[in-house]
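User: I have a structure open that I have never looked at before. Can you walk me through it in plain words?

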Amino acid sequence: METRHIKSFDEFKNQLVSNPDLQIQFKENPLEAVKQFEQQNPLQTDKWIYRIIVIALGLTILAIIIGVLVLMGSGQITNDQGVPTVLTAIGSAAIGALAGLLAPSPK
């Protein structure tokens, strides 16, 4: 029995309506007929989700670095004590999230 990939329940319904063999299998043993379908997660099929997240986190990190450099250049920050805590927190969180996304998942 081959495994068929579906993205939604509507796609399953359309295949059930258009495939007479599947209808017969479904009438005889619904559980076995459904087992041949595997629902795919959008994270597995849509590579743009990760790209958008990585780009957004990268832009956040760059914006914070540029913001701190601008504050230092204008003289508002003279030492490490002058860096706003919010910038440090957001930058650290973005770097941690980016590292978590790009690190290989354990097997």
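User: Where is G91 found?

Analyst: G91 is found in helix 6. Keep in mind that this is a predicted model.

User: Is G91 buried or exposed?

Analyst: G91 counts as buried because its relative accessibility is 11%, and the cut-off for buried is under 20%.

User: How far is G91 from T60?

Analyst: Their C-alpha atoms are separated by 7.3 Å, although G91 and T60 are 31 residues apart along the chain.

User: And S92, what is its place?

Analyst: S92 is also placed in helix 6, which covers residues 85-102. S92 is partly exposed, because its relative accessible area is 47%. From S92 to I61 the C-alpha distance is 8.6 Å, with their positions 31 residues apart in sequence.

User: Which helix do the buried residues of helix 5 pack against?

Analyst: They pack against helix 6. The buried residues in helix 5 are L57, G58, I61, I64 and V68.

User: How many residues does helix 5 have, and what is its reach?

Analyst: Helix 5 has 26 residues, and from first C-alpha to last it reaches 36 Å. That is close to the 38 Å expected at 1.5 Å a residue.

User: What comes just after helix 5?

Analyst: G75, which takes a positive phi of about 90°.

User: Where is the place of I66?

Analyst: I66 sits in helix 5, residues 48-73. I66 also helps make a nonpolar surface patch of about 790 Å². The other residues in that patch are I55, L59, L62, I65, L69, V70 and M72.

User: Different topic. Which residues are in the largest nonpolar core?

Analyst: There are six: I6, F12, L16, L22, A33 and F37. As a general point, nonpolar side chains in soluble globular proteins tend to be buried together.

User: What does L22 touch?

Analyst: Leaving out residues up to four places away in sequence, L22 touches R4, Q15, L16, A33, Q36 and F37. Among these, L16, A33 and F37 belong to the largest nonpolar core along with L22.

User: OK, charges now. How many salt bridges does a search of the whole structure find?

Analyst: One. The side chains of K13 and D10 meet in it, at 3.5 Å from N to O.

User: Where do K13 and D10 lie?

Analyst: Both lie in helix 1, residues 9-18, and they are three residues apart, about one turn of the helix. In general, an α-helix has 3.6 residues a turn, so residues three or four places apart point the same way.

User: How do K13 and D10 count for exposure?

Analyst: K13 counts as partly exposed because its relative accessibility is 40%. D10 counts as partly exposed too, because its value is 46%.

User: Let's zoom out. How many helices and strands are in the protein chain?

Analyst: Six helices and two strands. Along the sequence, the pattern is β-α-α-α-β-α-α-α.

User: What share of the residues is buried?

Analyst: Of the 107 residues in the protein chain, 15% are buried. The accessible surface of the chain comes to about 8300 Å², and carbon and sulfur atoms account for 63% of that.

User: And contacts between residues 24 or more positions apart, what percentage are they?

Analyst: They make up 49% of the contacts in the protein chain with a separation of 6 or more.

Note on methods: Residues are numbered from 1 along each chain as its sequence is written. This is a predicted model: local features need pLDDT of at least 70, side-chain atom pairs count only at pLDDT 80 or more; totals for chains, interfaces and linings use all residues. Side-chain values use heavy atoms; hydrogens and water are left out. A salt bridge is a side-chain nitrogen of Lys or Arg within 4 Å of a carboxyl oxygen of Asp or Glu. Helices (H or I, at least four residues) and strands (E, at least two) are DSSP runs, numbered from the N terminus. Buried means under 20% relative accessible area, exposed over 50%, partly exposed in between (1.4 Å probe, protein chains only). Contact means heavy atoms within 4.5 Å. Accessible areas come from the Shrake-Rupley method with a 1.4 Å probe; for residues, only the protein chains shown count as cover. Patches are made of residues with over 30% relative accessible area and no salt bridge: like charges are joined within 9 Å, nonpolar side chains (Val, Leu, Ile, Met, Phe, Trp, Tyr) within 5 Å. A nonpolar core is a set of buried Ala, Val, Leu, Ile, Met, Phe, Trp, Tyr and Cys residues joined through side-chain atoms within 4.5 Å. The expected span of a helix is 1.5 Å times one less than its number of residues.
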